[in-house]
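Me: I would like a close look at the backbone of this model, and in particular at the places where its angles depart from what a student learns to expect. Please go through them one by one and say where each lies.

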Protein chains: 2
Amino acid sequence: MAHSSTNAQGALLEKVLSIVERENLVKGMDETKKVIDFVHPEELKKILQLDIRREGRSLEEVEQVLETVVRYSVKTQHPHFYNQLYGGIDEVALAGAWLTEALNTNQHTFEVAPVFTLVEHFILNRLVELFDWQDGDGIFSPGGSMSNMYGMVLARYRKNPEVKKLGLSSMKPLVAFTSDQSHYSIGKAASWMGLGLDNVIKVETDSWGRMIPESLREEAAKARLKGGDPFFVNATSGTTVFGAFDPLDQLADVCRDENLWLHVDACWGGTAIVSRKHRHLLHGIHSIRRTRRFKYLTYLRLPVLNSMNEVSTLASFFRADSVVWNPHKMLGVPLQCSAFLVRHKGLLHESNSASATYLFQQDKFYDVSYDTGDKSFQCGRKVDAFKLYFLLTCHGMDEMERRVDGAFRAAEYLAEQVAQRPGFRPVLESAQCTNTCFWYIPPSLRHQQENTEWWLKVEQPVPEKGLVNFFRMVITCYPEPQSRHMDSLLNEMDTLGADL
Amino acid sequence: MAHSSTNAQGALLEKVLSIVERENLVKGMDETKKVIDFVHPEELKKILQLDIRREGRSLEEVEQVLETVVRYSVKTQHPHFYNQLYGGIDEVALAGAWLTEALNTNQHTFEVAPVFTLVEHFILNRLVELFDWQDGDGIFSPGGSMSNMYGMVLARYRKNPEVKKLGLSSMKPLVAFTSDQSHYSIGKAASWMGLGLDNVIKVETDSWGRMIPESLREEAAKARLKGGDPFFVNATSGTTVFGAFDPLDQLADVCRDENLWLHVDACWGGTAIVSRKHRHLLHGIHSIRRTRRFKYLTYLRLPVLNSMNEVSTLASFFRADSVVWNPHKMLGVPLQCSAFLVRHKGLLHESNSASATYLFQQDKFYDVSYDTGDKSFQCGRKVDAFKLYFLLTCHGMDEMERRVDGAFRAAEYLAEQVAQRPGFRPVLESAQCTNTCFWYIPPSLRHQQENTEWWLKVEQPVPEKGLVNFFRMVITCYPEPQSRHMDSLLNEMDTLGADL
């Protein structure tokens with residue numbers, strides 16, 4: 001390829017573009033085609049003929065590699081690609097991602113990434129506003145697990161800044177709390193951070209999968225009695241299975257009383273913030289009414305902090321300490337795009353700075369406050385912010401809101417169908433987030449007495465709230481889900497299950 | 001954009017392609033143009049007019065956004081873009097990245113990423129072979145800092161698997177060692193992992209910036225005397241400033257004697273593995289001669305493990321426990337591409353598994369050993385392996401070797417010129433890796449007595465081995481560096497410095 005590529009500049013890129021256009025990879029695909037032509041690993045290996053040789057490949061062979069990769073890859077932009085907490089991307093999103101790739105920019109200092117540094121700065125500020133915080137800071141990180149670990153690291157640093165230098169070996173065990181329905185990344189973070197999985201307490205949830213605030217309070221007391229040092233609560237906005245939104249406002253009350261950092265894993269459900277109809281689900285991160293009053297007082301220049309009572313009122317305006325939202329999940333931003341936000345300005349830098357003299361010199365000829373490298377765990381960092389900015393600025397917030405509302409509506413429609421339709425049984429009375437959980441009852445099991453034996457026949461039990469195995473459908477914003485997609489999904493299940 | 005895009009499918013992608021072709025973003029740019037048209041942050045903000053509105057933008061406005069982003073971004077593919085430990089990418093590399101973006105695949109299970117799971121598996125095995133290990137495992141991670149943390153986490157797990165559950169609070173302080181020239185990510189990892197910066201011992205280096213094995217031995221003894229528990233050594237292959245390669249074979253001897261995990265941060269210098277001429281720099285990770293002998297014995301089916309003595313000989317064939325190489329640095333693979341390799345198969349999974357029942361079911365209908373999600377810290381993971389595979393398979397290893405040798409040759413040429421040319425003074429007698437460090441002596445300071453005052457005039461001192469501030473040039477493989485580029489760099493410095 002070395003010599004041919006100089007003669008045929010752009011040929012390969014044109015090939016990729018033609019594949020994308022031919023396969024409708026950005027327009028939504030033909031519903032009658034398959035999401036994936038599944039082939040088992042050993043067979044697929046034979047087809048792919050993966051090989052790296054001393055000599056290179058001809059242009060024809062190279063194009064063949066591209067064709068084969070596309071043919072056997074899952075079509076994430078297919079209307080029936082569901083259930084993976086990410087989905088298709090549209091042309092605007094892909095164009096933003098392609099430009100980022102072509103520029104191959106590393107996002108650590110303003111001088112090497114002038115445009116993208118400002119874009120990240122801008123979009124983080126807009127997200128802080130969107131969540132109705134008065135002030136805040138943030139960083140884009142490579143995914144929700146990493147962002148959740150950012151939250152835990154900052155909470156620990158705020159609890160005891162000495163940990164950065166001294167480590168944990170002479171400290172009481174720090175204890176973190178998260179619901180029994182939360183994502184496993186909280187445990188992974190605790191394990192990597194040296195807290196240990198045993199010091200992550202799984203707090204009980206109600207029948208909808210939402211953390212019970214009183215249980216949190218009790219668990220915190222128990223942990224203290226056992227000699228632990230509670231410091232961190234992870235609340236979830238949009239759990240993985242049920243789509244549950246933990247009651248943030250009440251959890252924030254417990255956190256205030258118990259002096260715990262409130263981190264909100266809104267990786268999945270954070271997209272509700274875009275919708276005026278659904279953003280109330282995130283109440284507790286933001287608090288519009290209270291914030292307005294605060295702004296009003298500030299505007300009149302009245303002394304808002306003139307009593308202890310007012311200090312505590314003020315503190316309750318902004319309840320969560322940190323939030324993560326992954327627009328790459330529901331909103332159709334290409335992977336990876338995870339925004340970590342923290343309400344305490346300066347803390348990211350204090351906690352993470354290494355002050356490497358060779359890179360983050362303070363005597364540069366421009367305003368170095370735009371250099372982000374000392375706020376980040378990563379040194380080199382891929383540009384993840386631009387594709388989000390590009391999607392939002394090109395389509396506008398009205399269009400994004402329309403898409404989000406459409407995804408929620410599709411999930412509600414599916415929940416209604418599942419409740420009405422013979423052979424289907426909802427696990428919960430309605431959808432939560434865009435998650436709809438239900439059982440399929442095969443024809444041979446309908447109209448029978450529903451005792452334990454019957455349920456065991458429906459599926460082998462799995463340890464999810466003691467329920468027997470069920471289907472979970474999650475829906476994303478793009479390609480836009482329609483009622484007919486939901487209908488055809490249930491029809492398909494009926495067809496496949498007819499003989500069971 | 002919502003409605004126009006459905007009418008003009010592909011228009012935006014074509015626009016991105018036309019910008020890439022027009023600006024020669026994959027061919028190497030016009031040398032007479034600027035790498036960057038530098039504009040200060042506040043001024044650039046005015047030009048960019050960053051804004052997200054309720055309504056979207058017209059196609060014309062959207063194209064304008066793309067044009068402006070490109071105009072004010074650093075051209076990393078410019079022949080004179082140096083010194084950032086990454087650089088330009090060619091058309092093959094970009095085509096691989098674009099296809100990955102278009103498919104928007106999440107690399108955590110075989111069923112959602114069949115092709116890319118096999119590609120990652122294949123390329124990791126090839127890298128294990130390339131480093132001459134008998135066996136091994138690995139994972140692609142979002143950058144060198146994260147990969148270095150993987151190494152430290154595995155080392156800690158192997159030292160004491162209980163840490164995963166119990167945490168560090170009742171343990172002796174674990175102590176890590178790294179050279180005073182190593183990357184700051186080792187400190188960041190120790191801080192995040194709860195070891196504390198104070199438990200990272202900076203081991204002395206020689207005048208070339210290489211860790212001194214005897215100093216490591218002494219520091220380990222000192223740490224034990226102080227009550228610490230040494231467990232981990234980070235050796236560097238290609239330090240950030242001097243490009244130094246730590247003497248791995250000798251460090252491995254110390255690690256064997258002291259029972260320490262040897263991790264090699266070859267993020268930068270690992271690219272030498274591609275070159276038959278330069279791979280000796282990594283000797284100690286691999287050990288060709290000894291490995292051959294081992295293979296020979298295996299072939300003859302002789303009992304190789306028949307005495308304690310032979311066990312220790314065998315162990316010395318494979319010296320490093322883990323290695324990181326970032327092909328996105330010198331080799332011209334698009335950001336991000338960092339391969340973490342570990343010699344102990346199964347350890348990644350043991351250390352990192354969370355066994356999330358909803359995602360990594362063990363009762364799937366295919367061989368689940370291809371699911372990577374439980375080896376990874378991340379849950380969702382961007383596909384980083386394919387663009388590396390695509391670059392290597394399309395160009396072939398001969399072409400990649402030619403490029404690597406070319407980069408090393410350019411650095412050597414620059415070092416020779418700096419040694420000969422009036423007004424330039426090398427910091428070291430030759431280049432290391434592709435790093436060349438030198439001082440520029442302005443005309444007004446030449447032919448004078450070189451006392452402390454004189455050196456202070458050359459530059460303000462910075463704390464890098466007590467030397468006064470100097471220039472560091474680093475060179476990457478693409479676009480291919482030529483002698484004339486090196487000459488023109490020095491000419492430019494001479495011109496700019498003429499009046500100093």
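Reply: Since this is a predicted model, the angles below are computed from predicted coordinates. As background, most residues other than glycine have a negative phi, and most peptide bonds are trans.

Let us begin with the peptide bonds of chain B. Leu335(B) and Gln336(B) are joined by a cis peptide bond, for which omega is about -10°. Following the chain to Gln336(B) brings us to the loop between β6 (322-325) and β7 (338-342) of chain B. A cis bond also leads from Tyr478(B) to Pro479(B), here with omega near -5°, and Pro479(B) lies in the loop between β12 (471-474) and α18 (483-497) of chain B.

We can now turn from omega to phi. In chain A, His447(A) is not a glycine, and yet its phi is positive, at about 55°. This histidine is placed in the loop between β9 (435-440) and α16 (452-458) of chain A. His447(A) has a relative accessible area of 85%, and because exposed means over 50%, His447(A) counts as exposed.

In chain B, a positive phi of about 60° is found at Asn259(B), which is likewise not a glycine. Asn259(B) sits in the loop that runs between α11 (248-258) and β5 (261-265) of chain B. With a relative accessible area of 62%, Asn259(B) is exposed.

Technical notes
Residues are numbered from 1 along each chain as its sequence is written. Chains are lettered from A and ligands numbered from 1 in the order in which they are written. This is a predicted model: local features need pLDDT of at least 70, side-chain atom pairs count only at pLDDT 80 or more; totals for chains, interfaces and linings use all residues. Side-chain values use heavy atoms; hydrogens and water are left out. Helices (H or I, at least four residues) and strands (E, at least two) are DSSP runs, numbered from the N terminus. Buried means under 20% relative accessible area, exposed over 50%, partly exposed in between (1.4 Å probe, protein chains only).
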